[in-house]
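Me: I should like to learn how to read the features of a protein model, one at a time. Could you guide me through an example?

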Amino acid sequence: MLTRFKMVLGGLGLVTAMACGSAMAQDWPQWRGAHGNAKVFNFKAPDKWPASLTEAWKIEVGDGVATPSIVGDHLYVFARLDGKEVLKCVNTSNGKTVWEDSYEARGISGPAGGFQG
């Protein structure tokens with residue numbers, strides 16, 4: 001059974017990935033990565049991992065189950081927020097919205113109506 005959840009994207013993991021260098025600078029344009037197999041190619045782990053992570057930014061995106069995608073320095077996310085379906089493009093370096101588009105969309109009804117993502 002699906003449970004309702006708030007999807008909040010933190011720059012935490014993203015900053016860590018960017019800090020690990022250009023070896024990780026691959027696009028993640030779809031669920032499970034570029035080839036759909038959840039693998040990052042040519043990854044070289046840093047010699048020393050940070051003791052703790054620092055949150056650089058976070059945004060609320062609403063309810064949803066769509067996979068965020070990263071292409072270049074842009075993060076794309078699709079979710080439901082305030083009765084609308086929202087597509088948002090965010091700059092990965094600072095968390096600022098580059099552009100956003102939304103439209104009114106009636107939520108799911110019937111047996112699945114408890115989860116609006």
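Reply: The dialogue below takes up strands, turns, the core, a cavity and salt bridges in turn. Please keep in mind that this is a predicted model.

Me: Let us begin with the strands. How many bridges join strand S3 to S4, and in which sense do the two run?

Reply: A general point helps in reading any strand: side chains in a regular strand alternate between the two faces of the sheet. Here, S3, residues 69-71, runs antiparallel to S4 and is joined to it by three bridges. Within this pairing, isoleucine 70 lies opposite leucine 75 of S4.

Me: Over how many bridges do S4 and S5 pair?

Reply: S4 and S5 are paired over eight bridges, also in the antiparallel sense. As one example, leucine 81 has lysine 84 in S5 as its bridge partner.

Me: What should I look for in the turns of these hairpins?

Reply: The sign of phi is a useful guide, since most residues other than glycine have a negative phi. The hairpin of S3 and S4 has two residues between its strands, and glycine 72 in that turn has a positive phi of about 65°. The hairpin of S4 and S5 likewise has two residues between its strands. In this second turn, aspartate 82 has a positive phi of about 55° although it is not a glycine.

Me: Is aspartate 82 buried or exposed?

Reply: Aspartate 82 is in the loop between S4 and S5. Its relative accessibility is 72%, so aspartate 82 counts as exposed.

Me: Turning to the interior, which residues make up the largest nonpolar core?

Reply: Such a core is read as a set of buried nonpolar residues whose side chains are joined. The largest one here has six residues: Trp57, Ile59, Val61, Leu75, Val77 and Val90. Strand S2 (58-62) and S4 each supply at least two residues of this core.

Me: How many cavities of 30 Å³ or more are there, and what lines the largest cavity?

Reply: The count is one cavity of 30 Å³ or more. The largest cavity has a volume of about 50 Å³, and its lining consists of Val61, Val77, Phe78, Ala79, Leu81, Val86 and Lys88. S4 (74-81) and S5 (84-91) each supply at least two of the lining residues, and S4 gives the most, with four. By class, the lining has six nonpolar residues, no polar residues and one charged residue.

Me: How many salt bridges does the structure hold, and how should I read them?

Reply: The general idea is that side chains of opposite charge can pair when their charged atoms come close. The structure holds three salt bridges. One of them joins aspartate 47 and lysine 44, at 4.0 Å from N to O; both residues are exposed. Another joins arginine 80 and glutamate 85, also at 4.0 Å, N to O. Arginine 80 counts as buried because its relative accessibility is 12%, and the cut-off for buried is under 20%.

Me: Where in the chain are the partners lysine 88 and glutamate 100?

Reply: The side chains of lysine 88 and glutamate 100 meet in a salt bridge of 3.6 Å, N to O. This pair links distant parts of the chain, twelve residues apart: lysine 88 is in strand S5 and glutamate 100 is in strand S6, residues 97-104. Lysine 88 has a relative accessibility of 11% and therefore counts as buried, whereas glutamate 100, at 45%, counts as partly exposed.

Conventions: Residues numbered from 1 in each chain as written. Predicted model: local features only at pLDDT ≥ 70, side-chain atom pairs only at ≥ 80, totals over all residues. Heavy atoms only, no water. 1 Å grid on protein atoms, 1.4 Å probe; cavity = no way out; pocket = protein on both sides within 12 Å on 5 of 7 lines; lining within 4 Å. Points joined across faces, edges and corners; volume = space filled by probe spheres on them. Nonpolar A, V, L, I, M, F, W, Y, C, P; charged D, E, K, R; others polar. Core = buried A, V, L, I, M, F, W, Y, C linked by side-chain atoms within 4.5 Å. Buried < 20%, exposed > 50% of the residue type's maximum accessible area, 1.4 Å probe, protein only. Pairing = 2+ DSSP bridges.
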